Amino acid sequence: QNQQRPYLWAVPRFKEPAPGIFRKIIGTDRAEIDMDVEIRNGGPSPAVNVLISVPTITMSPTRLWDGVLKDNPPMYGTKDQGSIVGPNSSTGAKTGFPQYADEHLMESIYGGGWTVYLLGAVKYSDLYEPKNQKYETTYCFMLKPVPLMPNPGGPVEYDTVLTCPFGNTFK
């Protein structure tokens with residue numbers, strides 16, 4: 001019976017038109033950090049009363065993982081959004097606000113001293129059974145940039161996204 005329920009999970013999506021998470025702001029020493037999330041239903045049952053938290057981008061020193069989730073709980077709206085995500089379907093979620101990093105912080109991110117995280121969650125119910133059962137999926141991704149200076153003659157490098165070793169649950 002449990003396998004018949006909806007299973008919603010998050011997939012990070014690059015912003016358009018330029019691929020990448022980190023964009024240099026022309027004429028400044030700052031970069032904008034932004035990304036969207038796609039919420040997919042991999043279960044055989046439709047998810048109803050879907051409530052998606054605002055995806056949050058946050059930064060912290062790389063070795064201080066323990067505070068990332070505690071300091072950034074999911075920010076849900078005040079009521080169900082009433083949306084439905086059918087089996088093998090998806091819906092999008094936009095980050096609330098981009099983050100900005102100056103040149104010094106970007107160097108620390110490139111060097112691994114700081115990590116950028118994308119966090120969020122989604123609550124939902126099963127259309128069929130049980131009517132009062134609420135589910136929640138949480139997600140955490142680590143955003144890894146490539147240096148702003150291209151590698152002449154080398155392969156094209158793109159920003160990458162890794163799944164955090166914490167903060168990813170199905171309840």
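In this predicted model, strand β4 and strand β8, which spans residues 90–93, pair in the antiparallel sense over 4 bridges. Within this pairing, Glu38 has Gly92 of β8 as its bridge partner. Strands of a sheet pair through backbone hydrogen bonds, and the pairing is either parallel or antiparallel.

Strand β4 covers residues 36–41 and is mostly covered, since 5 of its 6 residues are buried. Strand β1, formed by residues 8–13, also pairs with β4; this pairing is antiparallel and runs over 6 bridges. Here Leu8 stands opposite Asn41 in β4.

**A three-stranded sheet and its helix**

An open sheet of 3 strands follows the order β2-β3-β9, and its pairing is antiparallel. The edges are held by β2 (22–24) and β9 (99–102); each has a single partner strand, so one side of each is left without a neighbour in the sheet. From one strand to the next, the twist averages 30 degrees. Strand β3 consists of residues 30–33 and pairs with β2 in the antiparallel sense over 3 bridges. In this pairing, Phe22 has Ile33 in β3 as its bridge partner.

Helix α2, which comprises residues 103–111, packs on this sheet and touches β2, β3 and β9. The direction of α2 makes about 95 degrees with that of β9.

Which residues of α2 are buried? They are Leu105, Met106 and Ile109. Seen down the axis of α2, the buried residues fall within an arc of 100 degrees, so they line one face of the helix. The face turned away from this buried side carries His104 and Gly111, which are exposed. The elements that cover the buried residues of α2 include β2, β3 and β9, together with β6 (56–61) and β10.

**Aromatic rings**

A pair of aromatic rings is described by the distance of the centres and the angle of the planes. The count in this model comes to 3 aromatic pairs, two of which are described here.

The rings of Tyr117 and Phe166 have centres 6.1 Å apart and planes at 55 degrees; the pair is therefore tilted, because planes from 30 to 60 degrees apart are neither stacked nor edge-to-face. This pair links distant parts of the chain, as its members are 49 residues apart. Tyr117 belongs to strand β10 (residues 114–126), whereas Phe166 lies in the loop between β12 (160–163) and β13 (169–170). Are these two residues buried or exposed? Tyr117 has a relative accessibility of 0%, so this residue counts as buried. Phe166 has a relative accessible area of 16% and is therefore buried too, because the cut-off for a buried residue is under 20%.

The rings of Tyr139 and Phe141 have their centres 5.8 Å apart and their planes at 35 degrees, so this pair is also tilted. Both Tyr139 and Phe141 are buried.

**A charge over two rings**

Arg5 lies over the face of two aromatic residues, Tyr7 and Tyr135. The table gives the distance from the ring centre in each case.

| Charged residue | Ring | Distance from ring centre |
|---|---|---|
| Arg5 | Tyr7 | 4.1 Å |
| Arg5 | Tyr135 | 3.7 Å |

How values were computed:
Residues are numbered from 1 along each chain as its sequence is written. This is a predicted model: local features need pLDDT of at least 70, side-chain atom pairs count only at pLDDT 80 or more; totals for chains, interfaces and linings use all residues. Side-chain values use heavy atoms; hydrogens and water are left out. Buried means under 20% relative accessible area, exposed over 50%, partly exposed in between (1.4 Å probe, protein chains only). Helices (H or I, at least four residues) and strands (E, at least two) are DSSP runs, numbered from the N terminus. Two strands pair if DSSP finds at least two bridges between them. Rings of Phe, Tyr and Trp (its six-membered ring) pair if their centres lie within 6.5 Å; planes under 30 degrees apart count as stacked, over 60 as edge-to-face and the rest as tilted. A charge sits over a ring if NZ of Lys or CZ of Arg is within 6 Å of the ring centre and within 35 degrees of the ring normal. Axes are lines fitted to C-alpha atoms, for helices over the stretch in contact, and angles run from 0 to 180 degrees between N-to-C directions. Contact means heavy atoms within 4.5 Å. The arc is that of the directions from the helix axis to the C-beta atoms.
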